[in-house]
Every structure is written in C-alpha cells, then in structure tokens.
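Please open the structure in your viewer and keep the sequence alongside. The tour proceeds by selections, each followed by a description of what is found there.

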Amino acid sequence: MTVITETKLEFAKLGSRIGAEIRGLDISGDLSEDTVAQIRAALNEHKALVFREANILTDEAQVKFASHFGPLTKAHPTVASVDGEENVLPVDSENGSANNWHTDVTFVVNPPQASTLRSIDLPAYGGETLIASSAGAYKDLPDELRSFADNLWAIHTNDYDYSVPKNLEHSNAEERRKEFTRLKFETAHPVVRVHPLTGERGLFIGGFAQRLRIVGLSNTESKDIIRLLQAYVTRPENVVRVNWEPNQVVLFDNRITQHYAPDNYDGQPRKLNRVTIAGDIPVSIDGKPSQSLQGDSSTYSVVAPVSNAS
C-alpha cells in the first residue's frame with residue numbers, strides 16, 4: 001500500500017483569487033497526516049484545487065481520498081447514488097446540465113464543507129467547470145452594500161421554479177425535477193457566512209437562495225437584491241475555469257465558492273462522479289447559526305466538527 005511521504009507539495013496558481021493545480025501527485029493511496037494538512041492548507045488558500053494525473057480511477061479510491069478530510073455525506077438528500085456506492089453521486093449529462101451558479105446542497109442546514117469531482121467520460125471540447133470565490137465577491141462589495149449584506153438572511157430551498165428556455169431544456173427534465181423535490185427542504189442561512197477555518201467572509205447565496213428573510217419585502221424585490229449580490233460572485237476576476245482531462249480530480253471548498261457547468265459540448269457525453277464531505281452549520285458574522293425550516297437532513301449528513309481535518 002502506497003503512503004505518500006512528507007514532501008512539500010507545490011500547487012501552481014490558476015488565478016490571483018481562486019484556483020491552483022498540481023500534476024502527478026498520486027492521491028489514491030494512504031495519505032500521511034502531513035500530506036492531508038498541506039492539501040487542507042492549499043484548499044484554505046486557493047478555494048479550489050485541481051489534481052491532474054491523480055491516479056483516482058475508481059469510486060472506491062475517490063471515496064477514500066475524500067474521507068481524509070472528514071466524514072462523508074450520502075450522495076444526495078433526494079437523488080439516487082451510483083449503484084452500490086451510497087456516497088457517490090453521478091453528475092451525468094444524460095440527466096441534464098448544472099448550468100446555473102450554485103453551492104452544493106445549501107437547502108439543508110449543514111451543507112457539505114467540500115466537494116470532490118472525478119472525470120469519467122469527457123466531451124471532445126467544452127464541458128469545463130467554472131468555480132467562483134464568494135470571498136472575493138464579498139471583498140469587492142462597496143462598504144455600504146457590504147454593511148447591508150452583513151445583516152441579511154436568505155431562504156434556500158430545493159423546491160423552486162426550474163423553468164429554463166426551451167432550447168436548454170433536457171428531455172427528462174420533469175422526471176429529474178420530481179426526483180430532486182420528492183422531499184422538500186428549506187433553510188435560513190446568513191447571506192454573509194464566516195468560514196470556520198480561515199475566518200474569511202463570503203457571500204453564501206447561489207441558485208438555491210430564493211428569497212431574503214425580510215418582513216415586508218416582496219419576492220421580486222428580494223430576488224433583485226440577491227441578483228445584485230450574485231453579480232459580484234460571478235465577476236471574471238473571481239472565477240477560475242477548470243478544463244477537464246482524464247484521470248483528474250477537483251476538490252473545492254463548498255463553504256466559500258459557487259460553481260457552474262456550462263452546457264457547451266453539443267450533447268456529447270459528459271460524466272463526473274461527485275463525493276461530498278460533511279459540513280458544519282454556517283454562522284453569520286455575529287455568530288448566529290443557520291436554521292432548518294423544513295425537512296430532516298440527518299440521514300443525508302452528520303454535522304461535522306470544525307477542525308483543520310474537517
């Protein structure tokens with residue numbers, strides 16, 4: 001069994017605000033505590049890490065790698081896992097494209113702290129994953145808007161209007177929606193979340209954030225404010241575009257990023273497998289925790305303790 005020795009890992013930056021990569025690091029075996037700590041430190045700094053030539057060729061190896069960073073979630077609260085692998089979610093173009101900006105599973109009270117994606121089938125072109133730094137977005141806010149956002153709370157839910165333009169609608173979209181919403185979840189999260197390891201503040205919104213928790217504010221006004229804040233997340237300076245190649249794994253910090261998979265590969269097969277690491281309950285800048293309003297997610301994920309290993 002291979003054990004990676006204590007050597008300095010060299011991650012090459014992909015952008016000034018987010019993203020770094022390393023090539024040829026075998027992450028399939030037993031990783032030493034030092035190696036895991038170095039990867040965690042790099043994740044805290046860069047928010048998204050790309051492992052090329054990673055030697056992760058099976059679901060079992062991906063599960064093992066993800067497990068180094070904490071307890072795992074089930075594949076998804078409502079969507080079926082890969083057969084025989086309760087922790088592995090297929091991200092398959094046959095089931096549609098995740099071409100909207102989102103943070104994974106924010107409709108539960110303790111969303112995953114981090115996600116891993118592994119390349120399975122790739123199109124000849126396109127099919128990238130865009131990942132955005134919500135910490136960069138928060139820093140970009142004008143002082144007055146930042147002060148306003150600091151005190152906002154948003155309601156996240158998996159049950160919302162999924163309508164898309166006809167040219168982007170997938171053939172089994174209705175069946176997919178029924179599966180996704182077979183259990184209803186709704187959670188109030190702070191719009192500005194404090195990262196438990198770095199202390200950074202980030203805009204914790206994305207596609208599942210449907211309205212603000214402000215008495216007297218209409219849904220239209222609520223969505224307009226969320227759209228305004230979201231525009232800062234997706235500024236090009238805050239986004240890294242990850243190109244996929246065989247034998248590649250991406251690890252990103254779900255606490256302080258959003259991601260998007262553009263549908264730009266003309267219907268070619270695109271399949272990744274996802275394994276997510278259980279997270280803590282988000283807290284606002286004044287220490288108030290998120291609140292579950294509907295749905296019990298305890299069978300999906302434990303509440304992970306906050307430490308440098310989780």
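The stops below concern strands and their pairing.

This is a predicted model, in which local features need pLDDT of at least 70, side-chain atom pairs count only at pLDDT 80 or more, and totals for chains, interfaces and linings use all residues. Residues are numbered from 1 along each chain as its sequence is written, and side-chain values use heavy atoms, with hydrogens and water left out.

**First selection: residues 20–23**

This is strand β3; strands are DSSP runs (E, at least two residues) numbered from the N terminus. Ala20 and Ile22 point to one face and are buried (under 20% relative accessible area, 1.4 Å probe, protein chains only). Glu21 and Arg23 point to the other face and are not buried. In a regular strand, side chains alternate between the two faces of the sheet.

**Next selection: the partners of β3**

Add residues 12–13, strand β2, which pairs with β3 in the antiparallel sense over two bridges; pairing requires that DSSP find at least two bridges between two strands. Lys13 has Ala20 as its bridge partner. Six residues lie between β2 and β3 in this hairpin, and Gly19 in the turn has a positive phi of about 100°.

Now add residues 48–52, strand β5, which pairs with β3 in the parallel sense over four bridges. Here Leu49 stands opposite Ala20.

**Last selection: β14, β8 and β16**

These three strands, in the order β14-β8-β16, form an open sheet with antiparallel pairing. Because β14 (239–242) and β16 (257–260) each have a single partner strand, one side of each is left without a neighbour in the sheet. Between β8 (residues 129–133) and β16 there are four bridges, and Ala132 has Gln258 of β16 as its bridge partner.

Key: Buried means under 20% relative accessible area, exposed over 50%, partly exposed in between (1.4 Å probe, protein chains only).
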